[in-house]
Amino acid sequence: MQIKELYALKHPVISFEVFPPKNNSGLADIYAALERMSKLSPDFISVTYGAGGGVNSGLTSEIASFIQNKYGICSIAHLTCIGASHESISSLLAQIKHKGVRNILALRGDLPEGISEHEGSYKYAEDLIRQIRALGEFCIGAACYPEGHIDCDDLNYDTACLRRKQEAGADFLITQLFFDNDFYYRFVERVRDGGVTLPISAGVMPILSRKQIERMIFLCGASLPSGIIKLLRKYENSPEALYSAGIEYAAKQISDLIDHGADGVHIYTMNKPEIAEFCMKYIGRA
């Protein structure tokens, strides 16, 4: 099934995200995690390509295919294009197609170490979207940023970029993580006013440690609301308690998003099935 059909059939669409191991030796762990997650019956599961291209790209399509064939759950393979050539992307698209996966999350991606931003055939994700759409064989997801892209200070320009992704052929959108739902609600209102009509799933990532949150702030520029700051302060000497409190905070975010009519919720599970299990139980889906 193509994911765009899910948004047409139900509301909200609930999805998980997992990432491949760095090498084949870690496959057993991800498959064990997927076994538990499959019992929660998400609408689809996405498989990342790996930041900076540092992950074996073949595992992305392999795991996405496994999800579909083993559990009958719709899957989507991430594909990044920064620094890549048209030939290399065409090869990866053929590989994804061969595995039977028909949904792709088309991303610019992080710049691989040692590669200039001027190298490769792609400048923006919309260039990749346009190439995939020309094939006519895939449903295409794209990324969006409730607080604006970290490299863009102009929200009007950010909206225009998102509209170009839609015009290039994207079928739905998944947001970058955020910790304050008001950012999502204001974002949806802004881009709807700007002509973006695609379904928008809200990306939610639990806070599991201080180190993780500091890294996420640096990478994507997400703001920390007072509730998160208080959690970090309260549990600064208790990593286990912070872990549990972070998952509960995410579950409350998800519940609020559903209550406010979000098109979908995309849970960044970080390959931890207990995150998916807690969140789905919290919203009455487990």
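Is Asn-271 buried or exposed, going by its relative accessibility? Asn-271 counts as buried, because its relative accessibility is 18% and the cut-off for buried is under 20% relative accessible area, with exposed meaning over 50% and partly exposed in between (1.4 Å probe, protein chains only). We'll come back to this residue at the end of the tour.

A word on the ground rules. This is a predicted model, in which local features need pLDDT of at least 70 and side-chain atom pairs count only at pLDDT 80 or more, while totals for chains, interfaces and linings use all residues. Numbering starts from 1 along each chain as its sequence is written, and side-chain values use heavy atoms, with hydrogens and water left out.

Let's start with the whole chain. Its secondary structure comes to 11 helices and 8 strands, where helices (H or I, at least four residues) and strands (E, at least two) are DSSP runs numbered from the N terminus. With a radius of gyration of 18 Å, close to the 19 Å that the globule rule gives for 286 residues, the chain is as compact as a globular protein of that length. That radius is taken over C-alpha atoms, and the rule is 2.2 Å times the number of residues to the power 0.38. Along its principal axes, the C-alpha trace spans about 50 × 45 × 45 Å. Buried residues make up 51% of the 286. As for the outside, the accessible surface is about 13,200 Å², and carbon and sulfur atoms hold 50% of it; these areas come from the Shrake-Rupley method with a 1.4 Å probe, and for residues only the protein chains shown count as cover. Among contacts with a separation of 6 or more, 80% link residues 24 or more positions apart, a contact being heavy atoms within 4.5 Å.

Now for the barrel. The 8 strands close up in the order 1-2-3-4-5-6-7-8, with parallel pairing. Neighbouring strands of this sheet are turned by 25 degrees against each other on average, direction ignored; the axes behind that angle are lines fitted to C-alpha atoms (for helices, over the stretch in contact), and angles run from 0 to 180 degrees between N-to-C directions. Strands of a sheet pair through backbone hydrogen bonds, either parallel or antiparallel. Here, two strands pair if DSSP finds at least two bridges between them.

Where do strand 1 and strand 8 come together? Residues 13-18 pair with residues 264-268 in the parallel sense, over 5 bridges, and Val-13 has Gly-264 as its bridge partner in strand 8. On to strand 2: strand 1 pairs with it in parallel over 4 bridges, and Phe-16 stands opposite Ile-45. In a regular strand the side chains alternate between the two faces of the sheet. Strand 1 has Val-13, Ser-15 and Glu-17 on one side and Ile-14, Phe-16 and Val-18 on the other, all of them buried.

Just before strand 1, look at the loop that follows helix 1 (3-9), where Pro-12 is found. His-11 and Pro-12 are joined by a cis peptide bond, with omega at about -5 degrees.

Further round the barrel, strand 3 (residues 74-80) holds Ser-75, which counts as buried because its relative accessibility is 0%. The side chains of Ser-75 and Gln-68 share a polar contact of 3.2 Å; such a contact is a pair of N or O atoms within 3.5 Å, and within protein one must be able to donate a hydrogen and the other to accept it, with residues adjacent in sequence counted only if both atoms are side-chain atoms. Beyond its neighbours within four places in sequence, Ser-75 is in contact with residues including Ile-3, Ile-45, Val-101 and Asn-103.

Strand 3 and strand 4 pair in parallel over 4 bridges, with Leu-107 as the bridge partner of Thr-80. In strand 4 (residues 103-107), 5 of 5 residues are buried. Asn-103, Leu-105 and Leu-107 point one way, and Ile-104 and Ala-106 the other.

Finally, two loops. Ser-41, between helix 2 (27-38) and strand 2 (44-47), has a positive phi of about 55 degrees although it is not a glycine. Asn-271, in the loop between strand 8 and helix 11 (273-282), also isn't a glycine, and its phi is positive, near 65 degrees.
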